[in-house]
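Q: Hi! Could you walk me through this one with me? I'll just throw questions at you as they come up.

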There are 2 protein chains.
Amino acid sequence: MMKPLRDCSIAVIGLGLMGASLCMDLKEGQLCREVRGVARRTRTVLDAFFAGAVDLATNDLHTGILGADIVILATPVRTIIATLEEIGPRLWPGALVMDMGSTKGDICAAMAHLPETLQPVGGHPMCGKETAGFEAAECGLYRGATWVLSPLPRTSPDALALATELALAVGARPLVLEAQRHDRLVASISHLPYLVASALTAAVAEVGVDDPAVWEVAAGGFRDTSRVAASDTQMFLDILMTNRTAVLAQIEHFQQHLGALHNLLAAADEAALRALLADAQKARAVWTPRR
Amino acid sequence: MMKPLRDCSIAVIGLGLMGASLCMDLKEGQLCREVRGVARRTRTVLDAFFAGAVDLATNDLHTGILGADIVILATPVRTIIATLEEIGPRLWPGALVMDMGSTKGDICAAMAHLPETLQPVGGHPMCGKETAGFEAAECGLYRGATWVLSPLPRTSPDALALATELALAVGARPLVLEAQRHDRLVASISHLPYLVASALTAAVAEVGVDDPAVWEVAAGGFRDTSRVAASDTQMFLDILMTNRTAVLAQIEHFQQHLGALHNLLAAADEAALRALLADAQKARAVWTPRR
């Protein structure tokens, strides 16, 4: 049996956008017994403590996790993997180990090696922003967001129920997905858009070298299509390197679609071009963003 | 000499997002003597009139332009070109003929054939939205937006000054650019993003056929990167077909950048990948959207 959420001490490792926003929601709603925050930078530790985002803040990992019933890893993916190995042997028996990393395959594989006394559940709330860090954190970030949960074969139903309770408590919509399936889907709707936005920004920047007026005429279309290119580079490198196969397939898939538009325009085949663009228009107009 | 703006009767042809928003600003600010609106659909004529967006509304083009000192064409590009031919011989001598079309080369070429008594100035306010039509119109749409003005060799300084006065009066930032240069720049920051967003939407929609959960996990990254794919298809077909050469070059340019990212990821060349992504990150983070 797991403790109910309100009796839990929760340690959040990584106080960037995701981790700190979660701490704020937990504290604001008095959803658990205690919120402990771990950050690498002393400045973030102090900011989190004085903002009242946590009950206890430290840059010492081992102090941070002392006696925690739930540990939540909220750093870039490869840091999560390294941290799992480091903290595994030191965690309270029965503790729930969650993460908020952007890919799930490698993390869940690492979770499988945790001591058998622990209960791992992979997770990924779908609510990133291009602004990162503690300064970007906010109460209510998770409200209405889909929160993917990827249990392992060894995860107990009680542990998954507690992870679900936590996601619900901050207003998110839990969605249980197998790790590989999650990674395939986010390659398409998150990692591909990031690379497309980055390539677009690079292409426009090159035009801007010859004619800087391009930045004067750039407006809402460029602003939104390129927005995620401003995301944290290290976070996305971790994502790309831990989801290479699926991402490469999605880039190739995208290139086929763009190539088809290019060829129809080159051939001035207006009827066929209209058909493809109208299909995309309908698909995009029908989809309602969760947030 | 042109009349000052406040003494002008202004006819706006096309009461979609751009045209109707301009009418609202002109009326709200009492910036001119009279605002006449022309729309194809009777429903739009009635909506515009009863919303108080115009002093006179009609679906008869010839009635709409009667006695106008300034005529502003605010329809899709190829409709603008057809309308120029139709109204040219009927306009008041000395009238300023402007447009708000998304490409300038073909429109300015058509403007060159207007009767010599008229003063043509091509124009393009950079403030589209993916929502179109009269319902999407709003006061203040042009505030802070760059408004490209493309005078012809025959355009008098007085006529360009009056067009500039109009753009400034609604809060826009006039930017005088030669038509071909405008078209090259918008191919990069507007037409390419549209095609990229459309190809992305098509790629995700194809994934969604196999696994509809993709729409559940799609969040802010996909939402923004794909937003402009929901734009009016006819409007963009007109744009693409009147700016083919520049758009094709920009697609190819973009494909090279995306291909480079793909190849570095395939080679797991993390250092080189980091360098390209960090450059794009900096370029995008430095640029401040006008709106």
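Q: Let's start with H7(A) and H12(B): is their crossing left-handed or right-handed?
A: Happy to help! This is a predicted model, and in it H7(A) and H12(B) cross in a left-handed way.

Q: Within what distance do the axes of those two helices come, and at what angle do they cross?
A: The axes of helix H7 (residues 179–210) of chain A and helix H12 (residues 270–286) of chain B come within 9 Å, and the crossing angle is roughly 70°. H7(A) and H12(B) are therefore roughly perpendicular to each other.

Q: Which residues meet there?
A: From H7(A) you have A:Ser198, A:Thr201, A:Ala202 and A:Ala205. They meet B:Leu276, B:Leu277, B:Asp279, B:Ala280, B:Ala283 and B:Arg284 in H12(B). By class, the residues of this contact divide into 6 nonpolar, 2 polar and 2 charged.

Q: OK, zooming out. How many residues of chain A are in contact with chain B?
A: There are 84 residues of chain A in contact with 84 residues of chain B.

Q: And which element of chain A gives the most to that side?
A: That's H7(A), with 20 residues on the side of chain A that touches chain B. Among the other elements giving two or more residues are strand S7 (146–151), helix H9 (220–226) and helix H11 (244–266) of chain A.

Q: What's the make-up of that side by class?
A: The side of chain A that touches chain B has 54 nonpolar, 17 polar and 13 charged residues.

Q: Switching to chain B: where is B:Ala199, and is it buried or exposed?
A: B:Ala199 is found in helix H7 (residues 179–210) of chain B. B:Ala199 is buried, because 27 other C-beta atoms lie within 10 Å, and 20 or more is the cut-off for that.

Q: What is B:Ala199 in contact with, neighbours within four places in sequence aside?
A: Residues from chain A: A:Phe254, A:His257, A:Leu258 and A:Leu261.

Q: New topic, H4(A). Which of its residues are buried?
A: In helix H4 (residues 77–87) of chain A, the buried ones are A:Val77, A:Ile80, A:Ile81, A:Thr83, A:Leu84 and A:Ile87. They cover an arc of only 165° around the axis, so they sit on the same side of H4(A).

Q: Why would spacing like that put residues on one side?
A: An α-helix has 3.6 residues a turn, so residues three or four places apart point the same way.

Q: And what is on the other side of H4(A)?
A: There you'll find A:Ala82, A:Glu85 and A:Glu86, which are exposed.

Q: Last one: what do the buried residues of H4(A) pack against?
A: Several elements of chain A, including strand S1 (9–13), strand S4 (70–73), helix H5 (105–111) and helix H10 (233–241).

Notes
Residues numbered from 1 in each chain as written. Chains lettered and ligands numbered in written order. Predicted model: local features only at pLDDT ≥ 70, side-chain atom pairs only at ≥ 80, totals over all residues. Buried ≥ 20, exposed ≤ 12 C-beta atoms within 10 Å, placed from the backbone. Helix = DSSP H or I, 4+ residues; strand = E, 2+ residues; numbered from the N terminus. Arc of directions from axis to C-beta. Contact = placed C-beta atoms within 7 Å. Axes fitted to C-alpha atoms, helices over the stretch in contact; angles between N-to-C directions. Parallel < 35°, antiparallel > 145°, perpendicular 65-115°, else oblique. Left-handed = near helix turned anticlockwise from the far one by under 90°. Nonpolar A, V, L, I, M, F, W, Y, C, P; charged D, E, K, R; others polar.
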